[in-house]
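Here are a few exercises to work through with the structure open beside you. Try each task before you read its solution.

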Amino acid sequence: MRENMLDSRSSHQLCTTAMLVVNPNAGSYAPNAHHIATTCDFLQQHGWQATIQFTQCAGDAARFTREAIAQQIDIVIAVGGDGTIHEIIQELAGSQTALGVLPCGTVNVWVREAGIPLDLQKARELLVQGQRRQIDLGKINDHYFLLMVGIGLDGEITQKVERKGLKRLGIVGYMLAAIWFGLHYSAFRTKLRFRKHTIKMNALQIVIGNTQLYAGALKYTWRARCDDGLLDVCVVRKQSRLGRIFIAIDFMLGRKQRQQWVHYEVEDSIQLLTRTPIAIQVDGEPMGYTAGNGAPTIICVVPHALHVIVPHNLPKELFSQA
């Protein structure tokens, strides 16, 4: 394990170096503050050099990560949820510094997918005992994503949850918004250009995934692998209100029948065009709108762009070389 952790450092260094980037506003930070406070001591007991930084405003996590990379720190440990991870990977992409996670978010999608324990004590043990792997990142225009991009219904839900303050309700807020907009959202006309062909259709939602799990419960891109150099594209076709209820049931239960509601592709590069601006979410965070007027939104994969600390017993459905 020590060899895995040291592969990005010069031979004269004697221990793993780490920076904990802590989001004190994360969903489950308060009840776990004591465990987080003692994590540096825990790591130091295992021969690590560890420091801790607390974010106070947007952009702090990215700034701390840039500093860690400049200092050639081995691992940046995201202490927060998927939003904290999302900000950190913008800087880690393409670097030799790895991403570790102590989960304190509301849903913790990456943690659930990668098999990282939700229990903080077990998660910090994994930091010491786990393995270092390289995975792909997606990129939308100039912005990286670890999990997925959503265009349409889920993009609109994410935008509204942020704007109307429903985020403070956590999962309940998203569920309320999903029920309302799921029944009332209008489909949009889209064109998707791939390397060898183009498709056109009326869509409710487009999910482009580097991984499988969506919102901690559903799998739109159920064939995706995070290290295969490809992205999975799931286009949910226009449906009546009754049809939308059937779609939701099939996806929640993971039924094979869900395939009848969607168009599915596996590609490394996508140009997405819409007639009007359509809402976008990236890793569960709102990210504006498509350009509309037929101007393309470019989405592609960046192979092996991120080093991560994960269990030795990897989920075979997510890693192509588990």
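**Getting oriented**

The chain in this predicted model holds ten helices and 17 strands.

**Exercise 1.** Find what share of the 322 residues is buried, and what the exposed surface is made of.

*Solution.* Start with burial: 53% of the 322 residues count as buried. Next, turn to the surface, where the chain exposes about 14400 Å². Carbon and sulfur atoms supply 51% of that area.

**Exercise 2.** Work out which residues touch the most other members of the largest nonpolar core, and follow the contacts of Ile-77.

*Solution.* The core has 97 residues, and those touching the most other members are Ile-77, Leu-99, Trp-110, Ile-151 and Ile-206. Now take Ile-77 and set aside its neighbours within four places in sequence. Among its remaining contacts are Ala-18, Leu-43, Trp-48, Gly-100 and Leu-127. Finally, look at the whole chain: of contacts between residues at least 6 apart in sequence, 71% join residues at least 24 apart.

**Exercise 3.** Is Cys-226 buried or exposed, and what does Cys-226 touch?

*Solution.* First, locate Cys-226 in the loop between strand E11 (218-219) and strand E12 (231-237). Second, apply the cut-off: buried means under 20% relative accessible area. Cys-226 has 0% relative accessibility, so Cys-226 is buried. Third, list its contacts, leaving out residues up to four places away in sequence: Ile-135, Asp-136, Asn-210, Thr-211, Leu-318 and Phe-319. As a last step, compare sequence with space: Cys-226 and Glu-317 lie 91 residues apart in sequence, while their C-alpha atoms are 9.6 Å apart.

Notes. Residues numbered from 1 in each chain as written. Predicted model: local features only at pLDDT ≥ 70, side-chain atom pairs only at ≥ 80, totals over all residues. Heavy atoms only, no water. Core = buried A, V, L, I, M, F, W, Y, C linked by side-chain atoms within 4.5 Å. Buried < 20%, exposed > 50% of the residue type's maximum accessible area, 1.4 Å probe, protein only. Contact = heavy atoms within 4.5 Å. Helix = DSSP H or I, 4+ residues; strand = E, 2+ residues; numbered from the N terminus. Areas by Shrake-Rupley, 256 points an atom, 1.4 Å probe, with all protein chains shown as cover.
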